[in-house]
2 protein chains.
Amino acid sequence: MSRRDMTDRPLPTKDRIIRAAATLFASRGYASVGLAEILAEAKAPKGSLYHHFPDGKSDLALAAATWASDGMLKLIAASFEPAESFHGGVTTLAHKLAKLFDLSDQWDGCPVSATLFDGPPDTAFRARANHLFQGWINEVTWQAERFGMAEPRAREAAETLFILLEGSWQLARARGSSDVLRALPNRIGDLDAPGART
Amino acid sequence: MSRRDMTDRPLPTKDRIIRAAATLFASRGYASVGLAEILAEAKAPKGSLYHHFPDGKSDLALAAATWASDGMLKLIAASFEPAESFHGGVTTLAHKLAKLFDLSDQWDGCPVSATLFDGPPDTAFRARANHLFQGWINEVTWQAERFGMAEPRAREAAETLFILLEGSWQLARARGSSDVLRALPNRIGDLDAPGART
DNA sequence: CCGCAATTAGACCAAGTGGTCTATTCGTCA
DNA sequence: TGACGAATAGACCACTTGGTCTAATTGCGG
């Protein structure tokens, strides 16, 4: 609510709404954020919302989650691209995530979960969440292969990383501390190529 | 909403309310469940709610989360008590949890997270979540020590198990499948006492 | 059986919800 | 410039929310 002075304004209305929704959903969950609040934060009228998202809030939630997921995808790539080993990439990713978590006052959780896991018992929400998560796992799998890990093993490592990430994130929220997130790399043990770590 | 015919009725009103709230919160989150629905499920009037929980919904949420957490504590104990090794206990716990997940139609997530992690930006909620989670970790730590793990290592193992649990649960929800939960023991790798697994 | 607190019962309320609809303004191409 | 669709603007609606309050009922100790 403070770092938008030069960024949000020139942004098209639709994107402003998506960003506002994604941010608010991430910190308080889909159900406890009202359209009024989203619109206020995005400085857009209701008409615009229903023009860009004919199906209303649920429509917007899908878009917001997808946008947030894209951000995570970029974060993963940015972490592994310059790394010298898979484990190095994991470490960078964990630290970047910890920093983001601290920026949210140790409050926000996984944006996809917060957006798609409460609300109504909507199977479309679940399906999208699965799709987005799978996207993260695929990206990590690809990165793992870049570092020479074989197919079944790479995928397993990616899945484990995802699980550790989500779990650590949860614990970090409860503790109000990013320490668990930063310590994540230590937990991945010998998942790296045998004997390749450190 | 079907297995209460002989269990709920003789239960005191307060407990009926807590159980109903815990169940509903677990499956749809704190914010998206209204008092009306809870009261209907618990077959109790509003007056009773505010008699037993003067602070209303938030008060009830704390109680519901605590009750759910107690259940998990029992589940942990029941899994490790008869086990022959730490890893065996982990396996049993993972399977029990998977079964519960399946009973909820592959829908419900961690009851504590669902109840205390959305709603208002209430620090009391976070504090309670941290307390309850720490309770789980302490219980597992204790169990790990029973199997001969040393103090720093036992605690680390317990934390890792917690993280894997929460993460796997999240992925299981997205996939609508308990498989990830059941596969959890495979991921704990060599956290067991060195060379003791399998 | 009485009396008194604990509990149950539910009408009621202000505030907020997501959603709809009509009117207006904006941007662009002829 | 005129015109036409895209986009913005916000009044409005039915409904639900969490919460309050008074009245009735229940259960138990004397």
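**Stop 1: the surface near DNA strand C**

Start by selecting DNA strand C together with helix H2 (35-42) and helix H3 (46-52) of chain A, then add helix H3 (46-52) of chain B; each of these helices supplies at least two residues of the surface near the strand. Bear in mind as you look around that this is a predicted model.

Which helix gives the most to this surface? Colour H3(B), which leads with four residues.

Now show the residues that come nearest to DNA strand C: from chain A, pick Gly34(A) and Gly56(A), and from chain B, pick Thr13(B), Gly47(B) and His51(B). These five belong to a set of 16 residues around the strand. If you colour the surface by residue class, you will find seven polar, five nonpolar and four charged residues.

**Stop 2: chain A on its own**

Hide everything but chain A and switch to a cartoon view. You should see ten helices and zero strands, so the pattern along the sequence reads α-α-α-α-α-α-α-α-α-α.Turn the chain along its principal axes: the C-alpha trace spans about 60 × 30 × 30 Å. How does its radius of gyration fit a compact globule of 198 residues? Such a globule would come out near 16 Å, and the 18 Å of chain A agrees with that.

Next, colour chain A by burial; buried residues make up 46% of its 198 residues. A contact map is a good companion here: among contacts with a separation of 6 or more, 65% join residues 24 or more positions apart.

**Stop 3: where the two chains meet**

Bring chain B back and select its contact with chain A. The contact takes 31 residues from each of the two chains, A and B. On the chain B side, highlight helix H7 (123-146) and helix H8 (151-175), the elements that give two or more residues. H8(B) has the largest share of that side, with 13 residues. By class, the side of chain B that touches chain A divides into twelve polar, eleven nonpolar and eight charged residues.

Do the selection for chain A as well and compare: 100% of the interface residues of chain B are also interface residues in chain A, so the copies meet through the same surface.

**Stop 4: the axis between the copies**

Finally, superpose chain B on chain A. A rotation of 180° with 0.0 Å of shift along its axis does it, with an RMSD of 0.0 Å. What relation is that? It is the relation of a two-fold axis. To find a landmark for the axis in chain B, centre on Gly167(B): its C-alpha is the nearest one, 2.0 Å from the axis.

Terms used:
Residues are numbered from 1 along each chain as its sequence is written. Chains are lettered from A and ligands numbered from 1 in the order in which they are written. This is a predicted model: local features need pLDDT of at least 70, side-chain atom pairs count only at pLDDT 80 or more; totals for chains, interfaces and linings use all residues. A residue is near a molecule or strand if its C-beta atom, placed from the backbone, lies within 6 Å of it. Ala, Val, Leu, Ile, Met, Phe, Trp, Tyr, Cys and Pro count as nonpolar, Asp, Glu, Lys and Arg as charged, and the others, Gly among them, as polar. Copies are superposed by least squares on the C-alpha atoms of residues with pLDDT of at least 70 in both. Two residues are in contact if their C-beta atoms, placed from the backbone, lie within 7 Å. The radius of gyration is taken over C-alpha atoms; the globule rule is 2.2 Å times the number of residues to the power 0.38. A residue is buried if 20 or more other C-beta atoms lie within 10 Å of its own, exposed if 12 or fewer, and partly exposed in between; C-beta atoms are placed from the backbone.
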